[in-house]
Amino acid sequence: MSNNNSYQKGIELVKEAAAKDGAEEYETAIKLYLQALEHFMHFIKYDKNERTKKTVREKIVAYLKRAEQLKKFVADREEAKKKGGKGKKATASGGGGDDDEEDSDTKQLRHMLEQVVKVEQPNVHWDDVAGLDVVKGQLKEAVIMPLRMPHLFTNGRSPWAGILMFGPPGTGKSFLAKAVATEANDSTFMAASSADLVSKWQGQSERLVKELFKMAREKSPCIIFVDEVDSLCGARGEGESESSRRIKTEFLVQMQGVGSDNKGLLVLGATNIPWQLDNAIRRRFEKRVYIPLPDIVARTKIFQLNMGKIRHKLTENDWKELGRDSEGRSGADITVLCKDAIMAPIRKLQSATHFCPVEAPDRENPEVTRQYMTPCSPGQAGAQEMNWLSFEDPKSIMEGDVDMNDMRRCMKNNKATVSPDDLIELDKWAEQFGQEG
């Protein structure tokens with residue numbers, strides 16, 4: 001048997017073992033795991049690629065651990081049968097048998113979630129988000145008002161339990177979620193991704209989803225933000241795996257299923273490709289808000305927000321021109337453009353051959369002025385021939401201001417990242433299922 005065939009055979013045996021593991025045929029699963037390990041050992045014995053060998057060794061450790069867990073479980077179950085007890089199903093961590101072991105497994109799942117799910121308090125406010133007044137109002141209606149005025153949400157009036165934000169990439173969906181977390185300072189904000197909720201062990205992924213919602217209910221009021229929700233809850237079909245289907249089913253049940261109490265819980269989803277969502281998950285997001293590309297007013301404000309406290313020579317007319325000429329760009333595109341423009345004075349400083357003295361507010365104490373050296377043209381009064389490496393005190397150098405020529409140059413060099421075809425698809429979906437944000 002060739003080395004590659006040995007590796008492929010090991011993979012096939014692992015798949016069979018996982019299937020038997022899930023079907024509770026543990027004795028057969030143990031044999032298949034051990035057979036797979038023999039093929040993997042043969043592979044690393046003759047393979048010469050160290051990186052590949054390292055990866056396979058990690059697989060060997062993981063599958064050996066699982067086989068040992070199953071051996072222990074089978075032995076404990078046989079012992080329980082001898083004593084007249086009834087064996088239970090093996091868990092992903094090898095437990096099973098009594099409630100203490102189940103509690104231990106639940107603690108392990110919870111610990112895994114606590115390691116990967118971000119429970120945070122960002123520092124982004126509504127004013128930091130340019131435009132999007134409609135979606136801001138809906139988020140305030142769903143989150144802020146129920147927290148501050150709970151007496152208004154009684155007698156059948158209840159806040160939204162699921163809000164989906166969809167639109168082109170870079171339009172501020174994740175930024176809005178952070179603003180919600182900041183403004184709703186009395187609630188818990190939990191940010192999760194599909195990678196956090198998927199496990200290689202049979203049955204563990206759906207348990208992670210269930211435990212996530214359980215943690216959120218315990219921390220109520222709570223916001224669960226799932227970015228790129230389409231990767232977790234894509235449309236179900238014949239070609240998908242059984243484990244993927246079970247994850248989606250558990251997510252659907254937890255969001256709005258029989259026996260699920262979601263009072264004080266908001267699921268906030270974001271996606272760039274909403275048409276790939278499953279029909280059932282689409283229904284559970286009661287509000288589906290389209291986050292479009294920013295309009296001219298929002299684009300102008302995004303430029304101003306990104307320039308912040310950077311020294312510049314931009315006038316009111318310059319801001320209007322930038323807002324007008326940046327049509328078709330997302331907020332993220334404008335942020336990248338501004339970041340590039342902010343670096344322009346640094347580039348000029350690197351290539352400068354002459355510097356001249358200027359009076360400017362002290363960096364550490366703005367109330368006091370001091371003399372700095374700044375790049376200038378050779379013919380300017382007071383110009384001294386030198387470069388930036390000539391200064392004994394680098395802090396005595398003052399970079400120049402960002403001007404409109406820098407902004408125009410960077411706008412020419414940085415292209416928009418959103419294609420017209422994507423916008424057409426999003427507009428169609430918004431017209432059919434969503435509403436404007």
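A: Before we begin, a term: two residues are in contact when heavy atoms of theirs lie within 4.5 Å, and everything that follows is read from a predicted model.

Q: Which residues does H354 touch, leaving aside those up to four places away in sequence?

A: With those sequence neighbours set aside, H354 touches T374, P375, C376, S377 and P378, and also A383, Q384, E385 and M386. H354 itself is found in strand β7, which covers residues 354-361, and its side chain is joined to that of T353 by a polar contact of 2.9 Å.

Q: Is H354 buried or exposed, and why?

A: A residue is called buried when its relative accessible area is under 20%; H354 has 14% relative accessibility and therefore counts as buried. For the chain as a whole, 43% of the 437 residues count as buried.

Q: How should I read the length of a helix, taking α2 as the case?

A: The expected span is 1.5 Å times one less than the number of residues. Helix α2, residues 26-46, has 21 residues and so should span 30 Å, and its end C-alpha atoms are 31 Å apart, which agrees.

Q: Which residues of α2 are buried?

A: In general, an α-helix has 3.6 residues a turn, so residues three or four places apart point the same way. In α2 the buried residues are Y26, A29, I30, L32, Y33, A36, L37, H39, F40, F43 and I44.

Q: How many helices and strands does the chain have?

A: The chain has 15 helices and 10 strands, and of its contacts between residues at least 6 apart in sequence, 74% join residues at least 24 apart.

Conventions: Residues numbered from 1 in each chain as written. Predicted model: local features only at pLDDT ≥ 70, side-chain atom pairs only at ≥ 80, totals over all residues. Heavy atoms only, no water. Helix = DSSP H or I, 4+ residues; strand = E, 2+ residues; numbered from the N terminus. Buried < 20%, exposed > 50% of the residue type's maximum accessible area, 1.4 Å probe, protein only. Polar contact = N/O pair within 3.5 Å; in protein donor to acceptor, adjacent residues only side chain to side chain.
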